[in-house]
Amino acid sequence: MKQSGECPKCGSRNVSCKDLYIPMYPYRALVVARQTTPLFSESSPLDVYICGECGFLEMYARTPSQLIPKPKSSE
Ligand SMILES: [Zn+2]
């Protein structure tokens with residue numbers, strides 16, 4: 001959907017991510033977070049793609065490396 005610009009459910013090309021957000025204080029964006037200590041968490045805003053025909057949603061973390069560190073190479 002992000003790369004193809006086409007809805008995988010209904011095949012429509014009426015897909016958009018621009019200017020879409022879930023109005024939640026304080027982020028003004030939908031976020032995903034990983035708890036790193038009891039008090040702190042790492043978070044990333046989400047890019048939400050929505051099909052204008054069937055309403056299917058697809059979400060991508062903007063900074064996934066903040067949530068899931070890359071595995072160390074075993075060399
Ligand atoms: Zn669709």
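Four donors count as tetrahedral if all angles lie between 85 and 135 degrees. Donors are N, O and S atoms within 2.8 Å of the metal (3.2 Å for Na, K and Ca); water is not among the atoms, so sites may look incomplete. In this predicted model, local features need pLDDT of at least 70 and side-chain atom pairs count only at pLDDT 80 or more, while totals for chains, interfaces and linings use all residues. Residues are numbered from 1 along each chain as its sequence is written, and side-chain values use heavy atoms, with hydrogens and water left out.

The zinc ion is held by four sulfur donors: the SG atoms of Cys7, Cys10, Cys51 and Cys54, at 2.3 to 2.4 Å. The 4 donor atoms subtend angles of 104 to 116° around the zinc ion, so the arrangement is tetrahedral. Along the chain, the donors are spaced as C-x2-C-x40-C-x2-C. Cys7 lies in the segment before β1 (15–16) and Cys51 in strand β3, so the pair ties together parts 44 residues apart in sequence. Cys7 is buried, at 2% relative accessibility. Cys51 is buried too, at 3%. Here, buried means under 20% relative accessible area, exposed over 50%, and partly exposed in between (1.4 Å probe, protein chains only).

The protein chain contains 1 helix and 4 strands. Their order along the sequence is β-β-β-β-α. Helices (H or I, at least four residues) and strands (E, at least two) are DSSP runs, numbered from the N terminus. Of the 75 residues in the chain, 17% are buried. Contacts (heavy atoms within 4.5 Å) were also assessed by sequence separation. Among those between residues at least 6 apart, 42% join residues at least 24 apart. The accessible surface of the chain is about 6,100 Å², and carbon and sulfur atoms account for 55% of this surface. Accessible areas come from the Shrake-Rupley method with a 1.4 Å probe; for residues, only the protein chains shown count as cover.

The structure holds 2 salt bridges. A salt bridge is a side-chain nitrogen of Lys or Arg within 4 Å of a carboxyl oxygen of Asp or Glu. One joins Asp47 and Arg62, at 2.9 Å from N to O. This pair links distant parts of the chain, 15 residues apart: Asp47 is in strand β3 (residues 41–51), and Arg62 is in the loop between β4 (57–61) and α1 (64–67). Asp47 is buried, at 17% relative accessible area, whereas Arg62 is partly exposed, at 49%. Arg13 and Glu6 form a salt bridge with their closest N and O atoms 3.3 Å apart. Arg13 is exposed, at 56%, and Glu6 is partly exposed, at 34%.

Technical notes. Tetrahedral: all angles 85-135°; square planar, octahedral: opposite > 155°, others 65-115°.
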